[in-house]
Amino acid sequence: MKRNIFLLALLMLVTLSFVACDSNESTNNNDGPQHIVNTDIVGHWYLISWNNQTPEFEVYLDIKEEGTFDIYQQTWSLYYEHFTGLCYLNDNIITGKYSDGKDWSCGYQFDVSKGKLTLTSQQTPSVVSVYDSCLIPQEIIDEATTTRAEEVVPFL
């Protein structure tokens, strides 16, 4: 029951994030990857905290120096889903566009310190996600690339 309430709250928050963010925040006119100048954010990250709570779901984020990203998430499914796309940095704000052309729900202010990446959404109310530096397990990458559900909402 507690998990169902949490999942319902998560669904409402994700839905709200699509409505609350200004679509101009994450729009970028460049169609190709850009070299990421702030290499602190480049790397593999594992979600350890979501709004000051331990999440009941898993998200791995891989941000590459050439301006691309991979998300491996197990949020609404028993299986990991894989999403790819382009990401852009403007000062300490990261935005992105999925490979299907849809923008991230909003931009995120980021901070990297002591092996942790903190993303704070630019929406009201803001969502704070903390990631730990990690290696993404190969079995998750293998599973996620072979299973996809079109109705799954990407985490960012």
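Among the contacts in this chain between residues at least 6 apart in sequence, 52% join residues at least 24 apart. The structure is a predicted model, and the description below moves from the chain as a whole to its barrel, its cores and a few individual residues.

The chain has 156 residues, of which 42% are buried. Its accessible surface comes to about 8,600 Å², and 52% of that surface belongs to carbon and sulfur atoms. The secondary structure consists of two helices and eight strands, and these follow one another along the sequence in the pattern α-β-β-β-β-β-β-β-β-α.

The eight strands form a closed barrel in the order 1-2-3-4-5-6-7-8, with antiparallel pairing. Direction ignored, neighbouring strands of this sheet are turned by 35° against each other on average.

Two of the pairings in the barrel can be followed through strand 6. On one side, strand 5 and strand 6 pair in the antiparallel sense over two bridges, and in these strands Ile 94 stands opposite Tyr 108, while the bridge partner of Ile 93 is Gln 109. On the other side, six bridges join strand 6 to strand 7, which also run antiparallel; here Tyr 108 has Ser 121 in strand 7 as its bridge partner. Tyr 108 thus has a partner in strand 5 and another in strand 7. As a general matter, side chains in a regular strand alternate between the two faces of the sheet.

The largest nonpolar core holds 23 residues, and the members that touch the most others are Leu 61, Ile 94, Leu 117, Leu 119 and Tyr 131. Two or more residues are given to this core by each of strand 1 (43–50), strand 2 (58–63), strand 3 (68–74), strand 4 (81–90), strand 5 (93–98), strand 6 (108–113) and strand 7 (116–121). Apart from it lies another core, made of six residues that include Tyr 60, Tyr 80, Ile 140 and Ala 144. In soluble globular proteins, nonpolar side chains tend to be buried together. Ile 94 appears in both parts of this account, as one of the core members with the most contacts to other members and as the residue opposite Tyr 108 of strand 6.

A polar side chain is also found under cover. Thr 68, in strand 3, has a relative accessible area of 17% and therefore counts as buried, the limit being under 20%. Its side chain makes a polar contact with the side chain of Glu 66, at 3.3 Å.

The loops contain some backbone values that deserve attention. Most residues other than glycine have a negative phi, and most peptide bonds are trans. The table sets out two residues with a positive phi.

| Residue | Loop | Phi | Relative accessible area |
|---|---|---|---|
| Asp 91 | between strand 4 and strand 5 | near 60° | 67% |
| Lys 114 | between strand 6 and strand 7 | near 50° | 83% |

Asp 91 is exposed, because its relative accessible area of 67% lies over the 50% limit. Lys 114, at 83%, likewise counts as exposed, and it belongs to the hairpin of strand 6 and strand 7, which has two residues between the strands.

A further backbone feature concerns the peptide bond between Thr 124 and Pro 125, which is cis, with omega at about -5°. Pro 125 is found in the loop between strand 7 and strand 8 (128–133).

Key: Residues are numbered from 1 along each chain as its sequence is written. This is a predicted model: local features need pLDDT of at least 70, side-chain atom pairs count only at pLDDT 80 or more; totals for chains, interfaces and linings use all residues. Side-chain values use heavy atoms; hydrogens and water are left out. A nonpolar core is a set of buried Ala, Val, Leu, Ile, Met, Phe, Trp, Tyr and Cys residues joined through side-chain atoms within 4.5 Å. Buried means under 20% relative accessible area, exposed over 50%, partly exposed in between (1.4 Å probe, protein chains only). Helices (H or I, at least four residues) and strands (E, at least two) are DSSP runs, numbered from the N terminus. Two strands pair if DSSP finds at least two bridges between them. Axes are lines fitted to C-alpha atoms, for helices over the stretch in contact, and angles run from 0 to 180 degrees between N-to-C directions. Contact means heavy atoms within 4.5 Å. Accessible areas come from the Shrake-Rupley method with a 1.4 Å probe; for residues, only the protein chains shown count as cover. A polar contact is a pair of N or O atoms within 3.5 Å; within protein, one must be able to donate a hydrogen and the other to accept it, and residues adjacent in sequence count only if both atoms are side-chain atoms.
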